[in-house]
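Grab a pencil and work through a few exercises with the model open beside you. Try each task before you read its solution.

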Amino acid sequence: MAILPTAAPAQEPIDFSAFRDPKLAHELIERIHSLVGERSLNLMEVCGTHTMSIGRYGFRSVMPAGLHLLSGPGCPVCVTANQDIDHIIALARLDTVTIATFGDMMRVPGSTSSLAAEKAAGHDVRIVYSPLDAIRLAEEHPERSVVFAGVGFETTTPTIAACILEAATRGLRNFSVFSAHKMTPPALRAIADDPETRIDGFILPGHVSTITGLEPYQFLVGDYGIPGVVTGFEPVDILESIVLLAEMALSGTPRIQNAYRRGVADAGNPVARKLVDQVFAVCDATWRGLGTLPASGLAIREEYAAFDARHRFSVEVQPAQEPRGCRCGDVLRGAITPHGCPLFGRTCTPEHPVGPCMVSSEGSCAAYFRYHE
Ligand code: SF4
């Protein structure tokens with residue numbers, strides 16, 4: 001079967017020779033075409049690494065015309081609400097505080113500033129590569145209060161929990177975490193409930209599922225009849241997940257399947273979950289694009305309040321404002337693709353990003369721009 005590109009002509013044709021198993025990739029794409037034919041199917045991935053892989057390998061250009069690969073709320077920086085970014089910026093302005101953050105957060109615009117702008121204005125904001133670096137920073141600078149900007153999903157939280165326990169063991173009094181951590185399943189429920197989007201299947205996140213396992217996704221089948229497939233990041237992993245989702249969605253036999261057994265155990269990682277549970281309690285959280293979702297965030301438990309930057313520092317944070325014209329919220333819930341934002345590629349580019357989806361290395365707008373989708 002000839003596979004015709006359906007995306008913008010500017011995109012490079014797929015270089016199958018770069019794939020580990022080009023023959024299998026070809027077969028899987030043909031299988032997708034024969035399964036879907038002229039029918040319409042909306043599949044959503046909810047992992048920033050999948051977003052980049054789908055863009056990098058150009059998969060949208062070889063899908064059947066009716067099969068849409070939508071990007072959901074899988075980029076942790078992108079889903080962080082402006083009110084949380086503003087709060088971290090307010091902390092950065094305190095004379096005694098050093099903010100330690102992953103690099104992706106630096107250029108994310110809050111309502112009126114960014115961490116990069118605050119650093120340029122002379123405030124102490126440092127990029128770290130692990131929360132352990134933030135602990136080291138606190139030990140080296142006892143005169144400073146080091147606040148780690150805790151942003152991320154289930155993959156990140158066990159490490160943060162371990163760091164808080166480590167700080168407690170070391171008796172570190174000048175280290176704390178600003179927790180804006182979030183959990184993936186409540187966001188999937190919000191998207192399944194959204195009357196403006198129709199999702200026929202979810203490509204479920206490989207990294208997150210190493211911690212959660214499959215059980216937290218079962219509600220998709222029970223409550224909504226939507227299938228899900230946990231998958232890895234190789235080209236054939238993603239293509240296989242599309243085949244499985246198309247088979248289940250089109251035959252009306254939804255299940256949650258694990259197609260990433262080399263990385264994910266069905267039961268996840270109970271030790272990591274126990275660690276998280278020791279330090280964090282489930283709380284409501286505000287997501288960009290999805291609003292406040294019940295029981296979707298993680299707050300530091302009261303017994304570790306000494307390490308909770310929200311508890312330790314009192315700062316005034318003005319009501320958040322969204323970047324004018326930015327449609328990141330709609331992009332994150334799959335209501336539009338980045339092309340639906342009038343600023344895409346015009347006033348909003350990776351060099352001059354307006355919204356977080358163009359800033360983050362895992363953002364949908366950045367992926368569409370970078371790979372000419
Ligand atoms: Fe926001 Fe820029 Fe994406 Fe538009 S193109 S949604 S302004 S990040």
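Two strands count as paired when DSSP finds at least two bridges between them. Keep in mind that this is a predicted model.

**Exercise 1. Find which residue stands opposite A149, and say whether the strand it belongs to is enclosed or open.**

Step 1: Look across from A149, and you'll meet F178 in β6.

Step 2: Now check the pairing. Strand β5 (residues 145-150) and β6 run in the parallel sense, with 5 bridges between them.

Step 3: See which way the side chains of β6 go. F175, V177 and S179 point one way, while S176 and F178 point the other way, and all of them are buried.

Step 4: Put that together. In strand β6 (residues 175-179), 5 of the 5 residues are buried, so the strand is largely enclosed by the rest of the structure.

**Exercise 2. Name the strands that pair with β8 and give the sense of each pairing.**

Step 1: Start with strand β1 (residues 41-45), which pairs with β8 in the parallel sense over 3 bridges. A handy landmark here is L43, which stands opposite G201 in β8.

Step 2: Turn to strand β9 (residues 228-230). This strand is joined to β8 by 3 bridges, and the two run parallel. For a landmark, take L204, whose bridge partner in β9 is V230.

Step 3: Look at the side chains of strand β8 (residues 201-204). G201 and I203 point one way, F202 and L204 point the other way, and all are buried.

**Exercise 3. Work out whether H50 is buried or exposed, and list what its side chain reaches.**

Step 1: Locate H50 in helix α2 (residues 48-56).

Step 2: Compare its accessibility with the cut-off: buried means under 20% relative accessible area. H50 has a relative accessible area of 0%, so it is buried.

Step 3: Follow the side chain of H50. The backbone oxygen of T231 is reached at 3.2 Å, and the backbone oxygen of G232 at 2.9 Å.

Step 4: Widen the view to contacts, leaving out residues up to four places away in sequence. H50 touches, among others, E45, I203, L204, P205 and F233. You met I203 and L204 in strand β8 in the previous exercise.

**Exercise 4. Decide where the buried residues of helix α12 sit around its axis, and what they pack against.**

Step 1: Pick out the buried residues of helix α12 (residues 270-279): they are A272, V276 and V279. They cover an arc of only 70 degrees around the axis, which puts them on the same side of α12.

Step 2: Recall a general point about helices. An α-helix has 3.6 residues a turn, so residues three or four places apart point the same way.

Step 3: Flip to the face turned away from the buried side of α12. There you'll find the exposed residues V271 and K274.

Step 4: Ask what the buried residues of α12 pack against. They meet α7 (157-170), α9 (206-212), β11 (280-287) and β12 (291-300).

Step 5: Finish at the start of α12, where a side-chain oxygen of N269 comes to within 3.1 Å of the backbone nitrogen of V271.

**Exercise 5. Sketch the open sheet that contains β12, then place G291.**

Step 1: Draw 3 strands in the order β7-β12-β11, with antiparallel pairing. β7 (181-182) and β11 stand at the edges with a single partner strand each, so one side of each has no neighbour in the sheet.

Step 2: Add the link between β7 and β12, which is made by 2 bridges. K182 has G297 in β12 as its bridge partner.

Step 3: Mark G291 in strand β12. At 29% relative accessibility, G291 counts as partly exposed.

Step 4: Look for partners beyond four places in sequence: G291 is in contact with A285 and T286. The C-alpha atoms of G291 and A190 are 9.4 Å apart, although 101 residues separate them along the chain.

**Exercise 6. Judge how compact the whole protein is.**

Step 1: Count the elements: there are 16 helices and 12 strands.

Step 2: Compare with the globule rule. The radius of gyration is 21 Å, close to the 21 Å the rule gives for 373 residues, so the protein is as compact as a globular protein of that length.

Step 3: Add the burial: 56% of the 373 residues are buried.

Technical notes: Residues are numbered from 1 along each chain as its sequence is written. This is a predicted model: local features need pLDDT of at least 70, side-chain atom pairs count only at pLDDT 80 or more; totals for chains, interfaces and linings use all residues. Side-chain values use heavy atoms; hydrogens and water are left out. Buried means under 20% relative accessible area, exposed over 50%, partly exposed in between (1.4 Å probe, protein chains only). Helices (H or I, at least four residues) and strands (E, at least two) are DSSP runs, numbered from the N terminus. The arc is that of the directions from the helix axis to the C-beta atoms. Contact means heavy atoms within 4.5 Å. A polar contact is a pair of N or O atoms within 3.5 Å; within protein, one must be able to donate a hydrogen and the other to accept it, and residues adjacent in sequence count only if both atoms are side-chain atoms. The radius of gyration is taken over C-alpha atoms; the globule rule is 2.2 Å times the number of residues to the power 0.38.
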